[in-house]
Amino acid sequence: MKRMKIFKTQKLNRSVAGNGLLFFLMGIFGVLMALPLVMIVNNALKPLDELFQYPPKLFVRNPTLDNFVDLFVAMNSSWVPFSRYLLNTVIITVGGTVGHVILASLAAYPLSKHRFKGRDTLFNMVVLSMMFSWTVTQIPNYMIISWLGINNTYLALILPACSYGMGLYLMKQFIDQLPNSLMESARLDGASEFRVFMTIVMPNVKPAWLTLAIFQFQQMWGNTGAMFLRDEELKPLQFALQQIAAGGTARAGASAAVTFIIAAIPITFFLICQSNVLETMTTSGMKE
């Protein structure tokens, strides 16, 4: 008879002093990371006399919404309405985020689970493309967009966003962890490759594409489109907000409100998706 080995879980021996020091350091770093957000919120609610107070105070004493009122007055005074800027931002952000997640997932699946000639070369090209900063590829991107004839359109911002190499790399690394037996059993049952991809691969790599959606949303939300968009009615909200924030001292209150809006939307989107990412990461571990 084979002897069965019993493995006992080992408990971590950590002293009370060690736990106290760990929580103390975590508390310090947590406060340091939260201070910029606290300052952004308080500055958006400060009246002008508190914004120019020296030395500056962290917390607001007389909270007011005048800064947001000034911001909306400035936005409504433009010949392009605020709703148009907001619609442009929604189209560009949603289009770039959804397109990138779909394209990166579709490209990562064959690179991970199929064997074909030149597969490693293609993946190495994707990895090498991640080494170049945006400023290096700025001029080639503009030339390609101009040659395609989509300059001064939404596609000028959405199409390049769909082809970032980081998303493909992230999706491939997650798909590599899936057992091949799952896909082989589905093929034996008569499932097509697209059905295998949609019903097996995508649900099991949900942490990857949710995380990718968060990062891509933040990047697209901050895109001003100044390089490709010339018509004012096509520009996103970020461009209009930056123009207002550049108004100098007279727009200091509106500028504080602009900073709050720019930071609030991506943070809210992250908080909405965070629970799903953490939940799926704890339940997606699979082994052959």
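A residue counts as buried when its relative accessible area is under 20%, and this cut-off will be needed several times in what follows, where the structure is a predicted model. Applied to Q216, the rule gives a clear result, because the relative accessibility of Q216 is 3% and Q216 is therefore buried. In the chain, Q216 belongs to helix 11. Once the neighbours within four places in sequence are set aside, the residues in contact with Q216 are G96, T97, H100, A161 and Y164.

From this one residue the view can be widened to the whole protein, whose secondary structure consists of 13 helices and zero strands. Read from the N terminus, the order of elements is accordingly α-α-α-α-α-α-α-α-α-α-α-α-α. The protein has 288 residues, of which 34% are buried. Among contacts with a separation of 6 or more, 73% are made by residues 24 or more positions apart. As for the surface, about 18500 Å² is exposed, and 66% of this area is supplied by carbon and sulfur atoms.

The largest pocket comes next, and it holds about 930 Å³ of space. Its lining is made up of 35 residues, and those closest to the centre of the pocket are W134, N141, P160, Y164 and Q219. Four helices each give two or more residues to this lining, namely helix 6 (138-148), helix 7 (155-161), helix 8 (165-176) and helix 11 (206-221). Y164, one of the residues closest to the pocket centre, has already appeared in the contact list of Q216, and helix 11, one of the helices that contribute to the lining, is also the helix in which Q216 is placed. What is the chemical character of the lining, counted as nonpolar, polar and charged residues? The division is 20 nonpolar and 15 polar residues, with no charged residue in the lining of the largest pocket.

Charged side chains can be followed instead through the salt bridges. As a general point, side chains of opposite charge can pair when their charged atoms come close. In this model the count of salt bridges is four, and three of them are described here, beginning with the one between D120 and R119, where the N to O distance is 3.6 Å. The two partners differ in their surroundings: D120 is exposed, because its relative accessible area is 51%, whereas R119, with a relative accessible area of 16%, is buried. A further salt bridge joins the side chains of E193 and R187 at 2.6 Å, N to O. Here E193 has a relative accessible area of 33% and is therefore partly exposed, and R187, at 31%, is partly exposed as well. In the salt bridge between E232 and K235, the closest N and O atoms are 3.6 Å apart, and K235 counts as buried because its relative accessible area is 11%.

The last stop is a matter of backbone geometry. Most residues other than glycine have a negative phi. N152 has a phi near 65°, a positive value in a residue other than glycine. Where in the chain is N152 found? The position of N152 is in the loop between helix 6 and helix 7, two of the helices that give two or more residues to the lining of the largest pocket. N152 is also buried, because its relative accessibility is 13%.

Definitions and conventions: Residues are numbered from 1 along each chain as its sequence is written. This is a predicted model: local features need pLDDT of at least 70, side-chain atom pairs count only at pLDDT 80 or more; totals for chains, interfaces and linings use all residues. Side-chain values use heavy atoms; hydrogens and water are left out. On a 1 Å grid over the protein atoms alone, a cavity is a set of points where a 1.4 Å probe fits but cannot get out, and a pocket is an open set with protein on both sides within 12 Å along at least five of seven lines; lining residues have an atom within 4 Å of a point. Grid points are joined across faces, edges and corners, and a volume is the space filled by probe spheres set on the points. Ala, Val, Leu, Ile, Met, Phe, Trp, Tyr, Cys and Pro count as nonpolar, Asp, Glu, Lys and Arg as charged, and the others, Gly among them, as polar. Buried means under 20% relative accessible area, exposed over 50%, partly exposed in between (1.4 Å probe, protein chains only). Contact means heavy atoms within 4.5 Å. Accessible areas come from the Shrake-Rupley method with a 1.4 Å probe; for residues, only the protein chains shown count as cover.
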